[in-house]
Amino acid sequence: MRINEELIKKLENLAMVEINNKEEMAKNLSEIVEFVELLNEIDTSNIDAAFRTIDATTPLREDIPQKSEVIEDVLKNAPKSKDGYFIVPKIIE
């Protein structure tokens, strides 16, 4: 892929940003593209196409109910609350 001033202007427009030094940006993007193209040279014929966790199992822990005061702590900071709920002004008639 060739990075030129026309492409930089298009990217500038799409990103809705102003690029002050277009030449330097083109040089940097060209280096990035060259690096990424190196990945095409890697032999991946002996590697599975995708990594998946279907065959693996997720370690589970026992579900033990615990007393939590999070609700009480949050409601302490509310201007108004009642029965564990926030009280807010009515907005729909």
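This is a short tour of the structure, stop by stop.

The model is predicted: local features need pLDDT of at least 70, side-chain atom pairs count only at pLDDT 80 or more, and totals for chains, interfaces and linings use all residues. Residues are numbered from 1 along each chain as its sequence is written, and side-chain values use heavy atoms, with hydrogens and water left out.

**Whole chain.** Select the protein chain and colour by secondary structure. Three helices and two strands appear, in the order α-α-α-β-β. Helices (H or I, at least four residues) and strands (E, at least two) are DSSP runs, numbered from the N terminus. The C-alpha atoms fill a box of roughly 65 × 45 × 25 Å along the principal axes. The radius of gyration, over C-alpha atoms, is 28 Å, while a compact globule of 93 residues would have one near 12 Å. That globule rule is 2.2 Å times the number of residues to the power 0.38.

**Surface.** Switch to a surface view. Buried residues (under 20% relative accessible area, 1.4 Å probe, protein chains only) make up 10% of the 93 residues.

**Methionine 16.** Select methionine 16, in the loop between helix H1 (5-15) and helix H2 (22-38). Its phi is positive, about 55°, although it is not a glycine. Most residues other than glycine have a negative phi. Methionine 16 counts as exposed (over 50%) because its relative accessibility is 75%. Now add aspartate 48: the two C-alpha atoms are separated by 39 Å, 32 residues apart along the chain.

**Aspartate 83.** Go to the loop between strand E1 (81-82) and strand E2 (85-86) to find aspartate 83. Phi is again positive, near 55°. Aspartate 83 is exposed, with a relative accessible area of 66%.
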